[in-house]
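Q: I am new to this structure and would like a close look at a single part of it. Please go slowly and explain how that part relates to its surroundings.

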Amino acid sequence: MPQKDKQPKELTFTPLAPEHIPALAVLDKTAPDPWSEAEITAELQKPQTRCTVAIQNGVLVAFACFWREEEVADLATVTVDAAVRGQGIGRALLQHCIAALAAEGTERVLLEVRCSNTPALTLYERLGFCSLATRKNLYTDPREDGLLMQLTLNSAQNIN
């Protein structure tokens, strides 16, 4: 039998807007440390916050939020809908965000990740992040060490 052509999956990125918040709050409930609607709304008010959503075929499927101060940005959170994980959406979203941060003059991007989160660690390493330090008992529920990682943008090979 001939295979049906798969419909292309259009993926776009846009800054987080108030109309995204209800859908984002539902999506973020699947994250280990979810943000409430009130917390997401509060982030929109902060001048240092850079939040971007990924929309695939009209549906919000991922979200990343960075806090930027001068030349340094911290990845505060990133969430990809479980139904579309493993399709490269998280990578594409982070590449988009990192390129935007670089265009603003960001020189370093920092993040913390659970030591057991192998998929995230693999992604961050592929994006060029390097390990800086382990932070003992950084996470709760369950208690776990966190790994501090850094990406120096002038040496990043994979942001575009």
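Where does Glu70 lie, and between which strands?

A: In this predicted model, Glu70 sits in the loop that runs between β3 (59-69) and β4 (72-80). With a relative accessibility of 62%, Glu70 counts as exposed, because the cut-off for that word is over 50%. Glu70 also belongs to a patch of negative charge on the surface, where it gathers with Glu69, Glu71, Asp74 and Glu107.

From this loop one can follow the chain into β4, which is joined to β5 by three bridges, the two strands running parallel. One residue to look for here is Ala73, whose bridge partner in β5 is Val109. Strand β5 itself covers residues 108-114, and five of its seven residues are buried, so this strand is largely enclosed by the rest of the structure. As a general point, the side chains of a regular strand alternate between the two faces of the sheet.

At one end of β5 is Arg114, which forms a salt bridge with Glu144, the closest N and O atoms being 3.2 Å apart. This pair links distant parts of the chain, since Arg114 belongs to strand β5 and Glu144 to strand β7 (residues 144-152), 30 residues apart. Arg114 and Glu144 are both buried, whereas Glu70, in the loop before β4, is exposed.

The loop between α3 (89-103) and β5 brings in another pair: Glu104 forms a salt bridge with Arg50, and their closest N and O atoms are 2.9 Å apart. Because Arg50 lies in strand β2 (residues 49-56) and Glu104 in that loop, the pair ties together parts that are 54 residues apart in sequence. Both partners are partly exposed, Arg50 with a relative accessible area of 25% and Glu104 with one of 38%.

The structure holds five salt bridges, and a further one to look at is that of Lys136 with Asp145, where the closest N and O atoms are 3.3 Å apart. Lys136 is exposed, with a relative accessible area of 64%. In general, side chains of opposite charge can pair when their charged atoms come close.

To return to the starting point, Glu70 is an exposed residue in the loop between β3 and β4, and it is part of a negative patch on the surface, while β4 is joined by three bridges to β5, a strand largely enclosed by the rest of the structure.

Notes: Residues numbered from 1 in each chain as written. Predicted model: local features only at pLDDT ≥ 70, side-chain atom pairs only at ≥ 80, totals over all residues. Heavy atoms only, no water. Patch = residues over 30% accessible without salt bridge, like charges linked within 9 Å, V, L, I, M, F, W, Y side chains within 5 Å. Areas by Shrake-Rupley, 256 points an atom, 1.4 Å probe, with all protein chains shown as cover. Salt bridge = Lys/Arg side-chain N within 4 Å of Asp/Glu carboxyl O. Lys, Arg positive; Asp, Glu negative; His and termini not counted. Charge placed at Lys NZ, Arg CZ, Asp CG, Glu CD. Helix = DSSP H or I, 4+ residues; strand = E, 2+ residues; numbered from the N terminus. Buried < 20%, exposed > 50% of the residue type's maximum accessible area, 1.4 Å probe, protein only. Pairing = 2+ DSSP bridges.
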